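Welcome, and please have your viewer open with the chain shown as a cartoon. We will go from one selection to the next and look at what is there.

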Amino acid sequence: MSPLPVVLAGARGHGRWHVANIRRLERAGLVRLAGICELTPLTEQEAGGELPEQSADFGALLDSTGARVAVVCTPIPTHTDLALTAARRGVHLLLEKPPAPSYAEFRRMADGVAGTGVACQVGFQSLGSHAVPAIRELVAEGAIGEVVGVGGAGAWVRDEAYFRRAPWAGRRRMDGADVIDGALTNPLAHAVATALALGGTTRAEDVTGIETELSHANDIEADDTSCVRIGTARGHRVTVAATLCAERAAEPYVLLHGGSGRITFWYKQDRILLQRGGHGPEEYQYGRTDLLENLVDHLTTGAALLVPPDETGAFMRVVEAIRTAPDPDPLPAGAWHRVPGESRRVVPGVDGLVAAAADTLSLYSELGAPWAPRTEHALNEVSAR
């Protein structure tokens, strides 16, 4: 098999990870970095080797390189148009998360891509973890009884410079376009998508309602300390709490609550802890399948895609609920403080609140956080827009 020519759109910021990953697959003989689309060309050092063709014109670059695959890691509002630019040329896609800033844009992208017949993979790398099918098998075997709820917790530390990393960082809208760069929709989007997936709620129609509590300690438009509770067609609820203003950085995780046990999944580490009646705690470590490698495998051997667009429809319902919610509330000055010498803002006690939300499936306001905004989205109010 000849290596598949790949074009990367967006090679700085998080795109640096994609450069390294494409080079890894290049060394394995699976792909060839044929082009990089950036406004400012990369140096050889940035490109991790010999420079491929470069251009700021994505469509022209796809044409001139004969690309079979495009990796799109650009600002969120550009995802749909770039994905369609590739799809109309018959170029298959790895599209970074979140796939779009609104449900309408997501449908325009997903339906448009499907209409061309090209393959599209959405970049929720945690769903490539081999722990995901292992957890589903444990649940199917009744290891923890019936799933009664799913929690997600993300307590991260980000300094104020993080929100100045790009013009769109921390924005809900920019130049009239939706961005929705909040804690739950971008940096900790994996916690939401993974919690939904493990609870069997992946497609848009699997969501019956959404409640949101959105706030920020930093001087931004979007949320940096927020939680969401999702009603599901399966009858259980999914609650995910996140903050970028933690006292201490912690590994994010998803917690499956069963009638007779629980499973904790640290999704960045591919590690699970099984706790159930009559047994001691059991810990397991897994590998993971890279999503670009899975896309190549799909194109060459017919392997099933791990994260096709429609399997992220439920996540996009959450993005839509956050988009249409009132703008996040700024936390009062007494609810946060700056860490001396670190240029970051901390919300005291938020680490415990994040963990308690995942443990009890409660919202911040129900846990007694005095600064928590009251939810504006009742569980029977899912927008279909």
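How many residues lie between β13 and β14 in the hairpin they form? Before you count, keep in mind that this is a predicted model. The hairpin of β13 and β14 has 2 residues between its strands.

**Stop 1: the hairpins**

Select residues 253-258 for strand β13 and 261-266 for strand β14. The two run antiparallel and are joined by 5 bridges. To see how they line up, show leucine 255, which stands opposite threonine 264 of β14.

Now add residues 271-276, which make up strand β15. β15 pairs with β14 in the antiparallel sense, this time over 6 bridges. Pick tryptophan 266 and you will find its bridge partner, arginine 271, in β15. The hairpin of β14 and β15 has 4 residues between the strands, and aspartate 270 in that hairpin takes a positive phi near 55 degrees.

One further strand can be added here: β16, at residues 282-285. β15 and β16 are antiparallel and share 4 bridges. Leucine 274 has glutamate 282 of β16 as its bridge partner. Between these strands come 5 residues, and within this hairpin glycine 278 has a positive phi near 80 degrees.

Before leaving, go back to β14 and switch on a surface for everything else. Is β14 largely enclosed or left open by the rest of the structure? It is largely enclosed, because 5 of its 6 residues are buried.

**Stop 2: the open sheet**

Next, select the open sheet of 6 strands, which has the order β3-β2-β1-β4-β5-β6 and parallel pairing. At the edges are β3 (53-55) and β6 (120-122); each has a single partner strand, so one side of each is without a neighbour in the sheet. If you look along the sheet, neighbouring strands are turned against each other by 20 degrees on average, direction ignored.

For a look at one edge, zoom in on β2 (residues 31-37) and β3, a parallel pair joined by 3 bridges. Cysteine 37 is a good residue to click on, with serine 55 in β3 as its bridge partner.

Then show helix α8, residues 291-301. α8 lies across β1, β2, β4, β5 and β6, and runs at about 160 degrees to β5.

**Stop 3: the nonpolar cores**

Switch to side chains. The largest nonpolar core has 98 residues, and Phe58, Val113, Leu256 and Phe315 have the most contacts inside it. Helix α7 (residues 189-198) gives the most to this core, namely 8 residues.

Centre the view on phenylalanine 315. Leaving aside its neighbours within four places in sequence, its contacts include Pro98, Pro99, Phe124 and Leu184. Also among them are Ala189, Val192, Ala193 and Leu196.

A second, separate core has 23 residues, including Ala153, Tyr253, Trp266 and Ala358. Trp266 brings you back to the first stop, since tryptophan 266 is the bridge partner of arginine 271.

**Stop 4: the whole chain**

Zoom out. The chain has 10 helices and 19 strands. Its radius of gyration is 21 Å, close to the 21 Å that the globule rule gives for 385 residues, so the chain is as compact as a globular protein of that length. The C-alpha atoms fill a box of roughly 60 × 50 × 40 Å along the principal axes.

Colour by burial, and 58% of the 385 residues count as buried. Among contacts between residues at least 6 apart in sequence, 70% join residues at least 24 apart.

Note on methods. Residues numbered from 1 in each chain as written. Heavy atoms only, no water. Buried < 20%, exposed > 50% of the residue type's maximum accessible area, 1.4 Å probe, protein only. Pairing = 2+ DSSP bridges. Core = buried A, V, L, I, M, F, W, Y, C linked by side-chain atoms within 4.5 Å. Contact = heavy atoms within 4.5 Å. Axes fitted to C-alpha atoms, helices over the stretch in contact; angles between N-to-C directions. Rg over C-alpha atoms; globule rule 2.2 N^0.38 Å.
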